[in-house]
Amino acid sequence: MASVSNSAVAFTGTTASELLRSSKSGGVDGIPLRTPGKAPLSVKTRHLSVVAKARKVKKHEYPWPEDPDPNVKGGVLTHLSHFKPLKEKSKPVTLDFEKPLVALEKKIIDVRKMANETGLDFSDQIASLENKYQQALKDLYTHLTPIQRVNIARHPNRPTFLDHIFSITEKFVELHGDRAGYDDPAIVTGIGTMDGRRYMFMGHQKGRNTKENIMRNFGMPTPHGYRKALRMMYYADHHGFPIVTFIDTPGAFADLKSEELGQGEAIAHNLRTMFGLKVPIVSIVIGEGGSGGALAIGCANKLLMLENAVFYVASPEACAAILWKTAKAAPKAAEKLKITGPELCKLQVADGIIPEPLGGAHADPSWTSQQIKNAINEAMDELNKMDTEELLKHRMLKFRKIGGFQEGVPVDPIRKVNMKKKEEPVAGKTPVIELECEVEKLKKQISKAKESSSKPTELALNEMIEKLKKEIDLEYSAAVEAMGFKERFLNLRGECLKSNSQDHLMHPVLMDRIEKLSDEFNKGLPTAPNYTSLKYKLDMLKEFSKAKSNLEKKSKGEELKLDINKKLKEVMDQPEMKKKMQALKAEVQKSGASSAADLDDVTKESISKLKKEIELELANVLKSMDLNVEIVRAKELVDQDLKAKVESLKEETNKKIENLMKSSDLKNTTKLLKLEVAKAGKTPDAALKIKIEALEHQIKQKLSAAISSSEIKEKHEELQAEIKALECDGGLNGSLKNDDLKEASSKYDESRVEINLGANRSFT
């Protein structure tokens, strides 16, 4: 062993870093050495040889276990594997429009093979074929149709986001996760340096083969991907890193789970946030940019597109299926959608086009990546000169100017010829039987609505009225033509138009001719062949117009009722009114009266006073609503409290008279009057008549003197004054006379309020 330690060991082609890396495992370059007891170790005097056997390991050894979560097949972190070059070269894919080039390419291969086999010089033929191939390729790719560009953008071998990133950056560190437990592999984010500048890169990542496409979900992000991008945007904004986004997606993933997790909300949140970021943003469409899924990371200061990239709101196939009911119309849809770079630059949606090599970006990925790098540097040089306020304004104005239009500009004659002419509907009369069925159906609806006290369908009524008007116009036109009045009406109409165009008053002779022709037509109308159907339609129009008018009145009345009830409630809910009502209730309860008749005069007067206040307040409220308020009372209609006062005065007067009649003086006079009346009989003489009248006059004077000296006279005068006041307000239409007060023969009823709504309308 001494000789082993003293001898020099030569490790050919081994670096220091590899030696350090191998120290942990006890081997060289990650390969563990065998132990002296097990490994065949031969030591020679001059040379030392080490024999080691490599340990079998898995294909990819990652720093996490294969299945950290047994419920998730393949492991939850399998997509975090490093992006590595493909072991197998991608198979060439020939698009349909590229098939003519395949024949030339095959000829070139055959000639070269023949030259190698025979040893003959075919360089001139090969050069000629190559020139033809290049010319054909140039002609093809300089005159691409929109659908051909769509196919190039979807090419399976087209460079992906990470292909470009590793070509243009010196360093790149991928950042994962949305900090909510998810990491969407369809969107990749990370920090990278390019020409000494640090950027935040993010973009859609498609797969390079079927396995990767399944893992990357064909570049269709879920809400987790957009939330990851949002987190990185906030990160970049905080640290001042400019943002570069790469767009290459058919659209956001639209499965049920994504919708449940808030796909629309995630996209909308990104759109709103990107307009407020204070760092420059440049977006590059490297493949296809589909709808909101692309726009969620595409609200930038500069939107650049590769030459054969497309940017659309709906794929050509989807648009064709919607408009032409077949996906075969996709070429036509692609042309109409204006989805290519040149068209979008004309519309000021895109800000620039990055060139691609002939054959597409997949023909020379490194050259394409270099063009992207140059475009990013140029755009960032321009944006870095702006301050924060200018940057935000620039981003806002970029999107504000999209979709501009001009008014008043004449249409190009060529376009006008090709524009589709407006098709006017051909008017035709509805059969009478069909119209009758519709009328009966509508009548049933109206009657049913009346029975159920519900509002009938106004829309159906209005539609029927409009339909009847059109039908009547057609019937009149048919009647005019059948009666031979058409030419006369047309001539008269021309004269009227000529007269109106000259800004003169219509000549009396012309007016007379119009009246005569109208009278003649109306007289002869019953002889028209379609008069029966015309009359039926006119009657129906009249009936439905009346129903509509009644419906409008009813609806207005209901609205007014609701407004009045609302205002009345507001009046009654006033603090002062509530206080008075409560005080009055307490007073009534304190009196212990079981009915209105048992109330004393003071309480009755308080009730009457409060009632008047409420009426006055309500009248003022109604007047504020621009309504005319009138208190109406007929001869028989007097307020209830006035009736009570009259009845009370009557009872009091009768009691006073009875008490007076019981006095001795009046009692004797009354007896004497009865005797004189009995003596006179049916035919009294003149002397007895005079005596009887004198006795009656004497009794009346005594009663009058007794009543005048009491409180009854004062109450009578107060009642008369109140009645006169009501007369002045127009409330009684004739006052209570003295006889009415004495006999109490007037009939009283409650008052009513009439509100005038207009001509021939009232609400009671």
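**A walk through the predicted chain, starting at helix H5**

The buried residues of helix H5 are covered by, among others, helix H4 (123–141), strand S7 (281–290), strand S9 (310–312), helix H12 (316–323) and H13. Those buried residues are Ile 147, Gln 148, Arg 149, Val 150, Ile 152 and Ala 153. H5 spans residues 146–153, and 6 of its 8 residues are buried, so the helix is largely enclosed by the rest of the structure. The list of buried residues in H5 includes Gln 148 and Arg 149 as well as Ile 147 and Val 150.

The model is predicted, and its confidence varies along the chain. The mean pLDDT is 76, with 76% of the residues at 70 or more. Among the elements, strand S6 (residues 243–249) has the highest mean pLDDT, 96, while strand S13 (residues 761–763) has the lowest, 33. Over residues 729–764 the pLDDT stays under 50, and for this stretch the model has 87 contacts beyond four places in sequence. Residues 631–637 also stay under 50, with 26 such contacts in the model.

As for the overall make-up, the chain has 29 helices and 13 strands. Of its 764 residues, 34% count as buried. The exposed area is about 49700 Å², of which carbon and sulfur atoms supply 54%. Among contacts between residues at least 6 apart in sequence, 69% join residues at least 24 apart.

The largest nonpolar core has 56 residues, and the members that touch the most others are Phe 201, Ile 243, Phe 246, Ile 284, Phe 311 and Ile 376. Helix H15 (residues 365–383) gives the most to this core, with 6 residues. The surroundings of one of these members, Ile 243, can be listed. Beyond its neighbours within four places in sequence, Ile 243 is in contact with Met 200, Met 202, Met 233, Ala 236, Leu 277, Val 279, Pro 280, Ile 281, Val 282 and Met 380. Apart from the largest core lies another core, of 25 residues, including Ile 446, Ala 479, Cys 496 and Leu 517.

Aromatic contacts come next. The count of aromatic pairs is 11. In one of them, the ring centres of Tyr 476 and Phe 521 are 6.3 Å apart and the planes stand at 45 degrees, so the pair is tilted. This pair links distant parts of the chain, with Tyr 476 in helix H19 (residues 458–482) and Phe 521 in helix H21 (residues 508–524), 45 residues apart. Tyr 476 counts as partly exposed because its relative accessibility is 29%, whereas Phe 521 is buried, with a relative accessible area of 6%. Phe 521 also pairs with Phe 485, in an edge-to-face arrangement with 5.7 Å between the centres and 80 degrees between the planes. Here too the pair links distant parts of the chain: Phe 485 is in the loop between H19 and helix H20 (486–501), Phe 521 is in helix H21, and they are 36 residues apart. Both Phe 485 and Phe 521 are buried.

Elsewhere, Phe 166, Phe 172, Tyr 199 and Phe 201 form one aromatic cluster. Phe 201 is also one of the residues that touch the most other members of the largest nonpolar core. A charged side chain meets a ring at Lys 398, which lies over the face of Phe 399, 5.5 Å from the ring centre.

Helix H21 also holds Arg 513. With a relative accessible area of 39%, Arg 513 is partly exposed. Not counting residues up to four places away in sequence, Arg 513 touches Leu 492 and Glu 495. The C-alpha atoms of Arg 513 and Leu 492 are separated by 8.3 Å, and the two residues are 21 residues apart along the chain.

Two backbone positions remain. Most residues other than glycine have a negative phi. Lys 338, although not a glycine, has a positive phi of about 55 degrees. Lys 338 lies in the loop between helix H13 (330–337) and helix H14 (341–346), and at 36% relative accessibility it counts as partly exposed. Gln 348 is also not a glycine, and its phi is positive at about 65 degrees. Gln 348 sits in the loop between H14 and strand S10 (352–354). At 39% relative accessibility, Gln 348 counts as partly exposed.

Methods: Residues numbered from 1 in each chain as written. Heavy atoms only, no water. pLDDT = per-residue confidence, 0-100. Helix = DSSP H or I, 4+ residues; strand = E, 2+ residues; numbered from the N terminus. Contact = heavy atoms within 4.5 Å. Buried < 20%, exposed > 50% of the residue type's maximum accessible area, 1.4 Å probe, protein only. Phe/Tyr/Trp six-rings, centres within 6.5 Å; stacked < 30°, edge-to-face > 60°. Lys NZ or Arg CZ within 6 Å of the ring centre and 35° of its normal. Areas by Shrake-Rupley, 256 points an atom, 1.4 Å probe, with all protein chains shown as cover. Core = buried A, V, L, I, M, F, W, Y, C linked by side-chain atoms within 4.5 Å.
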